Amino acid sequence: MSSEEFARGGEPAATAGPALRALWFDARGEWEQAHTLAQAAGDRDGAWVHAYLHRKEGDEMNAGYWYARAGRPAATGDLAAEWAEIVRTLLRAAR
């Protein structure tokens, strides 16, 4: 499944994991729901999504903290490209 198909599809099953589900909600403009799921994930994937969400809202300092928790360098590029990269990575891991 591509990131585009994921974005267009129905809500992923709870078995997809909270980080991936958070990105699905983010794609629908439901930032608060996405943030709640990312924060509850409690793992590096959730921290990566959490970082992306804070960067999206313009909170670079908070995003930096979450990128570090995810073990990833702070992103600076296009938000849509980062979203797609995270989705692709998480979908591959879910196989």
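Trainee: Which residues of H2 are buried in this model?
Mentor: The model is a predicted one. Helix H2 spans residues 18–27 and is mostly covered, with eight of its 10 residues buried. Buried means under 20% relative accessible area. In H2 that holds for Ala19, Leu20, Arg21, Ala22, Leu23, Trp24, Phe25 and Asp26.

Trainee: Which residue with a positive phi follows H2?
Mentor: H2 ends at residue 27. The phi of the residue in question is positive, near 80°, and the residue is Gly29.

Trainee: What is the angle between the ring planes of Trp24 and Phe25?
Mentor: The whole structure holds two aromatic pairs, and Trp24 with Phe25 is one of them, at 5.0 Å centre to centre. Both Trp24 and Phe25 are buried. Planes over 60 degrees apart count as edge-to-face. Trp24 and Phe25 are edge-to-face, with their planes at 90°.

Trainee: Which residue forms an aromatic pair with Tyr65?
Mentor: The pair is edge-to-face, with 5.1 Å between the centres and 85° between the planes. Tyr65 itself is partly exposed, at 44% relative accessible area. Its partner is Trp66.

Trainee: Is Trp66 buried or exposed?
Mentor: The cut-off for buried is under 20% relative accessible area. Trp66 has a relative accessible area of 15%, so Trp66 is buried.

Trainee: Which residues of helix H5 are buried, and what arc do they cover around the axis?
Mentor: H5 runs over residues 60–70, and its buried residues are Ala63, Trp66, Tyr67 and Ala70. They lie on the same side of H5 because the arc they cover around the axis is only 105°. In general, an α-helix has 3.6 residues a turn, so residues three or four places apart point the same way. For the buried residues of H5, the arc is 105°.

Trainee: Which exposed residues does H5 carry on the face turned away from its buried side?
Mentor: Exposed means over 50% relative accessible area. On H5, the face turned away from the buried side carries two such names, Met61 and Ala68.

Trainee: Which helices do the buried residues of H5 pack against?
Mentor: The buried residues of H5 include Tyr67, and Tyr67 is in contact with Arg55, whose place is in helix H4. The helices that the buried residues of H5 pack against are H4 (44–56) and H6 (79–94).

Trainee: Which residue takes a positive phi just after H5?
Mentor: The last residue of H5 is residue 70. Just after H5, a phi of about 75° is taken by Gly71.

Trainee: Which residue has Arg72 over the face of its ring?
Mentor: For a charge to sit over a ring, CZ of Arg must be within 6 Å of the ring centre. Arg72 lies at 3.5 Å from the ring centre, over the face of Trp48.

Trainee: How many salt bridges are there?
Mentor: In general, side chains of opposite charge can pair when their charged atoms come close. One such pair here is Lys56 with Asp26, and Arg55 with Glu82 is another. The count comes to two.

Trainee: How many residues apart are Lys56 and Asp26?
Mentor: Their side chains meet with N to O at 2.8 Å. Lys56 is partly exposed at 38% relative accessibility, whereas Asp26 is buried at 4%. The pair links distant parts of the chain, from helix H4 to helix H2, and the two are apart by 30 residues.

Trainee: Which residue forms a salt bridge with Arg55?
Mentor: Arg55 counts as buried, at 8% relative accessibility. Leaving aside neighbours within four places in sequence, its contacts include Glu60, Ala63, Asp78 and Glu82. The closest N and O atoms of the salt bridge are 2.9 Å apart, and the partner of Arg55 is Glu82.

Trainee: Which helices does the pair of Arg55 and Glu82 link?
Mentor: Glu82 counts as buried, at 6% relative accessibility. The two residues are 27 apart and belong to distant parts of the chain, in helices H4 and H6.

Trainee: What percentage of the residues of the protein chain count as buried?
Mentor: The chain has six helices and zero strands. Its accessible surface comes to about 5200 Å², of which 51% belongs to carbon and sulfur atoms. Of its 95 residues, the buried ones make up 41%.

Technical notes. Residues numbered from 1 in each chain as written. Predicted model: local features only at pLDDT ≥ 70, side-chain atom pairs only at ≥ 80, totals over all residues. Heavy atoms only, no water. Helix = DSSP H or I, 4+ residues; strand = E, 2+ residues; numbered from the N terminus. Buried < 20%, exposed > 50% of the residue type's maximum accessible area, 1.4 Å probe, protein only. Areas by Shrake-Rupley, 256 points an atom, 1.4 Å probe, with all protein chains shown as cover. Arc of directions from axis to C-beta. Contact = heavy atoms within 4.5 Å. Phe/Tyr/Trp six-rings, centres within 6.5 Å; stacked < 30°, edge-to-face > 60°. Lys NZ or Arg CZ within 6 Å of the ring centre and 35° of its normal. Salt bridge = Lys/Arg side-chain N within 4 Å of Asp/Glu carboxyl O.
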